[in-house]
Amino acid sequence: IELGGLYGSSEQSIPPAVIAGGVDVDLTILDSYVGLRLFLNRALPGGFPVEPFVSFGYAGVFADADVSSPMGEVSIGDGTSGLYYRLGLQVRLHQRVHGGADVRWLDGADATIDITGLPSAEIDLDHEQFSLFVGLRL
């Protein structure tokens with residue numbers, strides 16, 4: 001079983017040539033997950049201590065976007081959930097401490113953006129990401 005959390009942020013400026021006056025967007029995503037991790041091989045030839053794994057489970061996601069333009073500022077936040085899938089490699093750093101790298105896909109995470117006075121919009125928070133990690137094995 002695995003438990004974890006992820007934090008991600010992004011800042012982007014859209015120039016005035018694309019949107020009148022330009023827009024700055026700051027996006028923050030918080031993600032908590034629980035799932036099952038299966039190790040594919042405990043030791044490679046020669047005893048090299050690399051452990052490939054695959055995992056899958058449930059993720060709860062909260063996204064917050066701060067948008068500023070010459071017309072004003074707005075902050076939007078919403079929570080959702082989806083399924084995740086991971087492929088990775090880990091190595092033992094200490095008796096119970098492991099580090100590694102993985103690729104993760106989040107699927108089925110949709111959120112509704114609802115700003116007073118404007119029509120609501122559905123956004124897709126599905127994404128792929130590469131990460132480096134350090135974890136504690138109990």
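This passage walks through the sheet of a predicted model and the side-chain contacts found across it.

The backbone picture starts with an open sheet of six strands, ordered 1-2-3-4-5-8 and paired in the antiparallel sense. Strand 1 and strand 8 (127-136) sit at the edges, each pairing on one side only. From one strand to the next, the twist averages 25 degrees. Strands of a sheet pair through backbone hydrogen bonds, either parallel or antiparallel.

Going through the pairings in turn, strand 1 (residues 2-14) runs antiparallel to strand 2 (residues 23-39), with 13 bridges between them. Leu-3 is found opposite Val-34 of strand 2 here. Strand 2 also pairs with strand 3 (residues 50-69), again antiparallel, over 16 bridges. In that pairing two acidic residues face each other, with Asp-26 standing opposite Asp-66 in strand 3. Strand 3 and strand 4 (residues 72-92) are antiparallel too, and 20 bridges join them. One of the positions involved is Pro-52, whose bridge partner in strand 4 is Leu-89.

On to the charged side chains. Side chains of opposite charge can pair when their charged atoms come close. The model holds four salt bridges. In one of them, Arg-86 meets Glu-2, with the closest N and O atoms 2.9 Å apart. Arg-86 belongs to strand 4 and Glu-2 to strand 1, so this contact ties together parts that are 84 residues apart in sequence. Both Arg-86 and Glu-2 are buried.

Arg-86 also has a salt bridge to Asp-102, at 2.2 Å from N to O. This one links strand 5, home of Asp-102, to strand 4, home of Arg-86, across 16 residues of sequence. Asp-102, like Arg-86, is buried. Through shared partners, the salt bridges join Glu-2, Arg-37, Arg-86 and Asp-102 into one network.

Asp-31 and Arg-104 make a further salt bridge, with an N to O distance of 2.9 Å. Asp-31 lies in strand 2 and Arg-104 in strand 5 (residues 97-107), which puts the two partners 73 residues apart. Asp-31 and Arg-104 are both buried.

The aromatic residues come next, with three aromatic pairs in the structure. Tyr-33 and Tyr-84 have ring centres 5.1 Å apart and planes at 65 degrees, so the pair counts as edge-to-face. Tyr-33 is in strand 2 and Tyr-84 in strand 4, 51 residues apart, and both tyrosines are buried.

Phe-53 and Phe-133 are likewise edge-to-face, at 6.1 Å centre to centre with 75 degrees between the planes. Since Phe-53 lies in strand 3 and Phe-133 in strand 8, the pair ties together parts that are 80 residues apart in sequence. Phe-53 and Phe-133 are both buried. Ring pairs also bring in Phe-39, giving a cluster of Phe-39, Phe-53 and Phe-133.

Finally, the charged network and the phenylalanine cluster meet. Arg-37, a member of the salt-bridge network, lies over the face of Phe-53, 4.0 Å from the ring centre. The charged end of Arg-86, which belongs to that network as well, sits over the ring of Phe-133, at 5.7 Å from its centre.

Definitions and conventions
Residues are numbered from 1 along each chain as its sequence is written. This is a predicted model: local features need pLDDT of at least 70, side-chain atom pairs count only at pLDDT 80 or more; totals for chains, interfaces and linings use all residues. Side-chain values use heavy atoms; hydrogens and water are left out. Two strands pair if DSSP finds at least two bridges between them. Helices (H or I, at least four residues) and strands (E, at least two) are DSSP runs, numbered from the N terminus. Axes are lines fitted to C-alpha atoms, for helices over the stretch in contact, and angles run from 0 to 180 degrees between N-to-C directions. A salt bridge is a side-chain nitrogen of Lys or Arg within 4 Å of a carboxyl oxygen of Asp or Glu. Buried means under 20% relative accessible area, exposed over 50%, partly exposed in between (1.4 Å probe, protein chains only). Rings of Phe, Tyr and Trp (its six-membered ring) pair if their centres lie within 6.5 Å; planes under 30 degrees apart count as stacked, over 60 as edge-to-face and the rest as tilted. A charge sits over a ring if NZ of Lys or CZ of Arg is within 6 Å of the ring centre and within 35 degrees of the ring normal.
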